[in-house]
Amino acid sequence: MGITRRAAITAVSLLSAVCLAACGGSASNSSTGAATGAASASASGGTGKATGKVTVLAAASLQKAFEEIEKTVEKDNPGLDVTFDFQGSQDLVASLAGGDSADVLATANNSTMKTAADQKLVGNQTEFATNVLTLIVPKGNPKKITGLDSSLDGANLVICAPEVPCGEATKKLAEAQGITLNPVSEEQKVTDVRGKVESGEADAGIVYTTDAAAAKDKADKIDIPDGGVVNHYPIAQTAKPENPAGAQVFIDAVTGKAGQEILAKHGFGKPGSATAGASAGASAAGSAAASSGASAAPSQAATAEGSSAPEANKPTAQTTAP
């Protein structure tokens, strides 16, 4: 009887161990499978909503439009938190090169993005907008400035520095128009140029048409020929995004129909357009370029990234710094 009782206890113990092992193994496999499935869905975009934090480094000229796009993205993805750093494009690339983490980079010209690609800081790029330059003056135009001409003599003109996309474009514009500009200061981002004009610190400033639109309550726009100089705006995931799924959701929002409508509302032209605000151009999605640094933007006769020869026999207008 003792032997039978011990055998029964042993059998029960063995059966319990087998059941526990089986249940434990099943739970473990189920958990792993769910995690793998979730990760796969996240990586592929899946049908689920993106979550987590997405850090976007964007050219200063994009601030108003991107903040509006952010609202639509976060509304559609309640668990997603999009944060921005708006600076001159060259500073954003320097930030990435210095080791700062980010998920998305959007620059105001192709050459700055190419610098990032050459350093293997970004992946494939897609052009999503275009922009051109214009002239703004304080509200009411107290100096009676009429354009890039002799009316600027003695005026405080402010432009972007040459290493900044808007400054590179300004240099090309001056060459295309055959004029020499003598600004009193050169700023590191276009919004600083706009700010000095809005405050009355500067008598005139060369900015993007989108900045002129944003400053309409504090500054007047003076139409000037664009000289065929067009800035093409590319966007890309960084080489090491912390939230690749969230980053792609934001990029898709920028290049998608709603994002393109928001950009157009703020004065940006379509990808591939010859002028900002033009209806002609490539599709919103554009074409992705290889991560080696090739740009998605088509070649233009004169862009801020290329060279523009001054027109022959055109008089030179100089601005004189006080």
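## Close-up views of a predicted model

**Figure 1. Helices α8 and α9.** The axes of helix α8 (residues 244-255) and helix α9 (residues 257-265) cross at roughly 60° and come within 4 Å. That angle makes α8 oblique to α9. On the α8 side, the contact is made by Ala253, Val254 and Thr255, and on the α9 side by Lys257, Gly259, Gln260 and Leu263. Sorted by class, the contact of α8 with α9 has three nonpolar, three polar and one charged residues. The model shown here and in the other views is predicted.

**Figure 2. Valine 254 in its surroundings.** Valine 254 belongs to helix α8. With a relative accessibility of 0%, valine 254 counts as buried, because buried means under 20%. Leaving aside neighbours within four places in sequence, valine 254 is in contact with Gly259, Gln260 and Leu263, and also with Phe66, Ile69, Phe128 and Ile235. Of these, Gly259, Gln260 and Leu263 also appear in the contact of α8 with α9. Valine 254 and phenylalanine 128 are 126 residues apart in sequence, yet their C-alpha atoms are 7.2 Å apart in space.

**Figure 3. The nonpolar cores.** The largest nonpolar core of the chain has 61 residues. Those with the most contacts inside this core are Leu62, Phe66, Phe128, Leu135, Leu148, Ile235 and Phe250. One of them, phenylalanine 66, touches Val56, Ala58, Phe84, Phe86, Ala106, Phe128, Ile235, Phe250 and Val254, not counting residues up to four places away in sequence. A second core, separate from the largest, has twelve residues, among them Leu92, Met113, Val122 and Ala236. In soluble globular proteins, nonpolar side chains tend to be buried together.

**Figure 4. Helix α3 against helix α4.** The axes of helix α3 (residues 89-97) and helix α4 (residues 110-118) come within 9 Å and cross at roughly 5°. At this angle α3 is roughly parallel to α4, because angles under 35 degrees count as such. The residues that meet are Ser89, Gln90 and Val93 in α3 and Thr112, Thr115 and Ala116 in α4. By class, the contact of α3 with α4 has two nonpolar, four polar and no charged residues.

**Figure 5. The buried residues of α3 and what covers them.** Ser89, Gln90, Leu92, Val93, Ser95 and Leu96 are the buried residues of α3. Their cover includes the strands β1 (52-59), β2 (80-87), β3 (104-106) and β10 (231-238). Helices α4 and α5 (165-177) are also included in this cover. Leu92, one of the buried residues of α3, is also included in the second nonpolar core. Just after α3, glycine 99 takes a positive phi of about 105°.

**Figure 6. Aspartate 220 in strand β9.** Aspartate 220 is placed in strand β9 (residues 219-222). Its relative accessibility is 23%, so aspartate 220 counts as partly exposed. Not counting residues up to four places away in sequence, aspartate 220 touches Leu135, Ile136, Val137, Pro138, Lys139, Gly140 and Asn141. From C-alpha to C-alpha, aspartate 220 and isoleucine 136 are 5.5 Å apart in space, and they are 84 residues apart in sequence. Leu135, in contact with aspartate 220, is also listed among the residues with the most contacts inside the largest nonpolar core.

**Figure 7. Two residues with positive phi between β5 and β6.** Asparagine 141 lies in the loop between β5 (133-138) and β6 (157-160), and lysine 144 is found in the loop between β5 and β6 as well. Phi of asparagine 141 is near 50°, while phi of lysine 144 is near 55°. Most residues other than glycine have a negative phi. The two residues differ in exposure: asparagine 141 is buried, with a relative accessible area of 13%, whereas lysine 144 is exposed, with a relative accessible area of 60%. Asparagine 141 is also one of the residues that aspartate 220 touches.

**Figure 8. The whole chain, for orientation.** The secondary structure comes to nine helices and ten strands. The chain has 322 residues, of which 45% count as buried. Among contacts in the chain with a separation of 6 or more, 81% are between residues 24 or more positions apart. The chain exposes about 15,000 Å², and carbon and sulfur atoms supply 54% of this area.

Methods: Residues numbered from 1 in each chain as written. Predicted model: local features only at pLDDT ≥ 70, side-chain atom pairs only at ≥ 80, totals over all residues. Heavy atoms only, no water. Axes fitted to C-alpha atoms, helices over the stretch in contact; angles between N-to-C directions. Parallel < 35°, antiparallel > 145°, perpendicular 65-115°, else oblique. Contact = heavy atoms within 4.5 Å. Nonpolar A, V, L, I, M, F, W, Y, C, P; charged D, E, K, R; others polar. Buried < 20%, exposed > 50% of the residue type's maximum accessible area, 1.4 Å probe, protein only. Areas by Shrake-Rupley, 256 points an atom, 1.4 Å probe, with all protein chains shown as cover. Core = buried A, V, L, I, M, F, W, Y, C linked by side-chain atoms within 4.5 Å.
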